[in-house]
Amino acid sequence: MNPFFEDLGGRLAARARERGVEIQAPEIDSQVAFELLELARVAAHTQERRFAPLACYLAGVAAERLRSGRPDLTAAEVAAYVNEVRQSLESRSEPE
């Protein structure tokens, strides 16, 4: 991770703590980050630019739900999951 995301993770954890909940500072794997940025690019160019951050948010929620169902999932598998979704958006070969 880079310093910006390390700081952001710490800030998110601190704000959760202020609300009475202890969470581990979120981290992002470089492969997953790359795939999320690619997803943002596709969302911005195939829909509206402002959809890009929301697409990444939704992908993050889905990835965490996937991890809940398969705790042994690796970061590479999560990156592949996001990549498959992004490719389906680019090709429009799968239903939305």
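Visitor: Why are Arg-67 and Glu-64 described as separated by about one helical turn?

Guide: Because they sit 3 residues apart in helix α3, which puts about one helical turn between them. Bear in mind that this is a predicted model.

Visitor: What makes the contact between Arg-67 and Glu-64 a salt bridge?

Guide: The N-to-O distance is 3.5 Å. The cut-off is a Lys or Arg side-chain nitrogen within 4 Å of an Asp or Glu carboxyl oxygen, so the pair qualifies. The general idea is that side chains of opposite charge can pair when their charged atoms come close.

Visitor: And how exposed are Arg-67 and Glu-64?

Guide: Arg-67 has a relative accessible area of 31%, and Glu-64 comes in at 46%. Partly exposed runs between 20% and 50%, so that label fits both residues.

Visitor: Let's step back. What are the helix and strand counts here?

Guide: The protein has 4 helices and 0 strands, which reads α-α-α-α along the sequence. Its C-alpha trace spans about 45 × 30 × 25 Å along the principal axes. There are 96 residues, of which 25% count as buried.

Visitor: Why are α2 and α4 called roughly parallel?

Guide: Helix α2 (residues 30-46) and α4 pack at an angle of about 15°. Roughly parallel means under 35 degrees, so α2 and α4 earn the term. Their axes are 8 Å apart, and the crossing is left-handed.

Visitor: What about α3 and α4, then: at what angle do their axes cross?

Guide: Helix α3 (residues 51-69) and helix α4 (residues 75-91) cross at roughly 135°, with axes that come within 11 Å. That value lies outside 65 to 115 degrees and is not over 145, so α3 is oblique to α4. The crossing there is right-handed.

Visitor: Why are α2 and α3 called oblique?

Guide: The axes of α2 and α3 cross at roughly 135°. Roughly antiparallel would take an angle over 145 degrees, and roughly perpendicular stops at 115, so oblique is what is left. The α2 and α3 axes come within 8 Å, and this crossing is right-handed.

Visitor: Back to charges. How many salt bridges does a search of the whole structure find?

Guide: It finds 11. One of them joins Glu-35 to Arg-86, where the closest N and O atoms are 3.6 Å apart. That distance is within the 4 Å cut-off, so the pair counts.

Visitor: What makes Glu-35 and Arg-86 a link between distant parts of the chain?

Guide: Glu-35 belongs to helix α2 and Arg-86 to helix α4, with their positions 51 residues apart. Both residues are buried, and that label calls for under 20% relative accessible area.

Visitor: Which residues make up the network of salt bridges around that pair?

Guide: Glu-35, Glu-38, Arg-41, Arg-86 and Glu-90 are linked together in it.

Visitor: Arg-70 and Glu-77 form a salt bridge too; how do you know they are buried, exposed or in between?

Guide: Check the percentages: Arg-70 is at 37% relative accessibility and Glu-77 at 33%. Both values fall between 20% and 50%, so partly exposed is the right call for each. Their side chains meet at 3.4 Å, N to O.

Visitor: Now the leucines. Is Leu-36 buried or exposed, and how do you know?

Guide: Leu-36, in helix α2, has a relative accessibility of 15%, which is under 20%, so it counts as buried. Its C-alpha atom is 24 Å from that of Arg-15, 21 residues away along the chain.

Visitor: And Leu-54: buried or exposed?

Guide: Its relative accessible area is 56%, which is over 50%, so Leu-54 is exposed. Leu-54 is in helix α3. From Leu-54 to Leu-73, 19 residues apart in sequence, the C-alpha distance is 24 Å.

Visitor: What makes Leu-8 eligible for a surface patch?

Guide: A patch residue needs over 30% relative accessible area; Leu-8 has 33%, so it clears that bar while being partly exposed. Leu-8 lies in helix α1 (residues 3-18).

Visitor: Which residues form that nonpolar patch?

Guide: Phe-4, Phe-5, Leu-8 and Leu-12, with about 370 Å² of accessible area together.

Technical notes. Residues are numbered from 1 along each chain as its sequence is written. This is a predicted model: local features need pLDDT of at least 70, side-chain atom pairs count only at pLDDT 80 or more; totals for chains, interfaces and linings use all residues. Side-chain values use heavy atoms; hydrogens and water are left out. Patches are made of residues with over 30% relative accessible area and no salt bridge: like charges are joined within 9 Å, nonpolar side chains (Val, Leu, Ile, Met, Phe, Trp, Tyr) within 5 Å. Accessible areas come from the Shrake-Rupley method with a 1.4 Å probe; for residues, only the protein chains shown count as cover. Helices (H or I, at least four residues) and strands (E, at least two) are DSSP runs, numbered from the N terminus. Buried means under 20% relative accessible area, exposed over 50%, partly exposed in between (1.4 Å probe, protein chains only). Axes are lines fitted to C-alpha atoms, for helices over the stretch in contact, and angles run from 0 to 180 degrees between N-to-C directions. A crossing is left-handed if the near helix is turned anticlockwise from the far one by less than a right angle, and right-handed if clockwise.
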